[in-house]
Amino acid sequence: MAETANIIAFKKAVRSISILLCDELLEICEEESKKKKRKVWIRDWMDKKKCGASQTIIKELHDNDPQEFRSMIRLTPEQFEALLIMISPIITLEDTFMRDALPARLKLEMTLTFLASGMNFRMLSIMFRVSKSSISNMIPDVCDAIYSVLKDYIKVPTLKEWQKIQLGFNEIWNFPGCCGAIDGKHIVIKAPPSAGSEYYNYKGTNSIVLLGIVDHNYCFSYIDVGSYGRNADGGVFQQCDLYPLLENESLLPKGGVLVGDDAFPLKTYLMKPYSKINLTKEERVYNYRTSRARRIVENGFGIVASRFRIFGQPIAVKVETTIKIVKATCAIHNWLRLTTPASYTPPGCYDYEDIVNSTIVQGEWRSEISKMPSILRTRNYNRPKKIAQQVRETYKEYFNGEWAVEWQDRMI
């Protein structure tokens, strides 16, 4: 009996304790419910995509004002649709039980608006009603996809393609044997955390370097992007993957050369102007002819920067994303320059040489933007080899003789 009484007392005690615990738990729940509710994971206005720019102003411009649509995202409606078809399989994601995936059209519109205007993520978020974190994750993916589908427009030429470029430089720019103009520019960035001085350049900004070779048609034949800004001199050229091929004479056609400025070394395959003072008339003629061909690369960089205003200010994204942005914009530039040159680069947008009045009319891009800073002349190159000097002397003799053009004396 005593044992039964103990069991009954124990059960009563457990019941009493359970009631007290339940009351305490209810009080805690009531107190928590009175506190400020946690913010939802997406703002209400962001969930109204139908009121965003994609479904309103951009759609209206696409359907009713193709010119303004092109001014906004740098593509005509037809070009936009063609690019969308190409990249949709790459950037389209599946819906989840938590939310619907962003449409491929919206992703491409936001990315092109970002590249064309340089608009920051906050303004893009408000304009398109998409969170900043989503935009930050989306832009590198879309840029990757753009470069992936357009990479055939920006690849190292084959032997036959080099020869075609040589023909173009000879016919248009009167520089026989030239396979391209080479130059390097700073892409100004926001300094990455804990980067130290790696990206700090001589202009007092942080940057990575874009090295490019441009053909006779203002298209990039080759780009190398990502070198530290502090290394931004002609030495970047020695670090690119084309350098050993050029040194081994296994890249260009026999006798083919590139033209560059004083930031690059004089090589048998790379011609540069004379830099000494008190030049002879023949040397000044050579410098004019070399600079005339080299101006192509400066205009190539300028056109890209004027069309894509993202380069007009420090790019405030990760360095890896900046590299993808540069590659995508260069690929779009080549695609548009080769498929629709008249609308993408109408007359007047690049430098024009008025040989009648002996003047150079500057392209519109020079007044539209701040030029990308150029790389510095290096101090690390050894004295050029005698054979390279002989090649330059040969060009000088031909430019003052067999290959002379009738207006060159008026231009020096």
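1. A word on terms first: a residue is called buried under 20% relative accessible area, exposed over 50% and partly exposed in between, using a 1.4 Å probe and protein chains only. This is a predicted model, in which local features need pLDDT of at least 70 and side-chain atom pairs count only at pLDDT 80 or more, while totals for chains, interfaces and linings use all residues. Residues are numbered from 1 along each chain as its sequence is written, and side-chain values use heavy atoms, with hydrogens and water left out.

2. Let's start with a salt bridge, meaning a side-chain nitrogen of Lys or Arg within 4 Å of a carboxyl oxygen of Asp or Glu. The whole structure holds 14 of them. One joins K59 and D63, at 3.3 Å from N to O. Both residues sit in helix 2 (residues 57-64), four residues apart, about one turn of the helix. Helices (H or I, at least four residues) and strands (E, at least two) are DSSP runs, numbered from the N terminus. K59 is partly exposed at 42% relative accessible area, and D63 is partly exposed at 46%.

3. Now look at R366 and E298, whose closest N and O atoms are 3.1 Å apart in a salt bridge. R366 belongs to helix 14 (residues 365-368) and E298 to helix 11, so the pair ties together parts that are 68 residues apart in sequence. R366 is buried at 18% relative accessible area, and E298 is buried at 15%. Both belong to a network of salt bridges that also links D183, K185, R294 and D351.

4. Helix 15 (residues 386-399) is worth a slow look. Its 14 residues should span 20 Å at 1.5 Å a residue, and the end C-alpha atoms are indeed 20 Å apart; the expected span is 1.5 Å times one less than the number of residues. A388, R392, Y395, K396 and F399 are buried here. Viewed down the axis, the buried residues fall within an arc of 100°, so they line one face of the helix; the arc is taken from the directions from the helix axis to the C-beta atoms. The face turned away carries the exposed residues K386 and E397.

5. What do the buried residues of helix 15 pack against? Their partners are strand 4 (257-259), strand 5 (270-271), helix 11 (281-307) and helix 16 (408-411). Within helix 15, K396 also forms a salt bridge with E393, with the closest N and O atoms 2.8 Å apart.

6. Aromatic rings come next: those of Phe, Tyr and Trp (its six-membered ring) pair if their centres lie within 6.5 Å, with planes under 30 degrees apart called stacked, over 60 edge-to-face and the rest tilted. There are 16 such pairs in the whole structure. F69 and F80 are edge-to-face, 5.8 Å centre to centre with 90° between the planes. F69 lies in helix 3 (residues 66-73) and F80 in helix 4 (residues 77-91). F69 is buried at 1%, and F80 is buried at 0%.

7. R392 of helix 15 returns here, lying over the face of Y274 at 4.1 Å from the ring centre. For such a placement, NZ of Lys or CZ of Arg must be within 6 Å of the ring centre and within 35 degrees of the ring normal. Y274 is also part of one aromatic cluster with F175, Y286, Y395, Y398, F399 and W403.

8. Finally, find M110 in helix 5 (residues 104-117), buried at 0% relative accessibility. M110 touches L102, L124, F128, V130, I135 and M138, not counting residues up to four places away in sequence; contact means heavy atoms within 4.5 Å.
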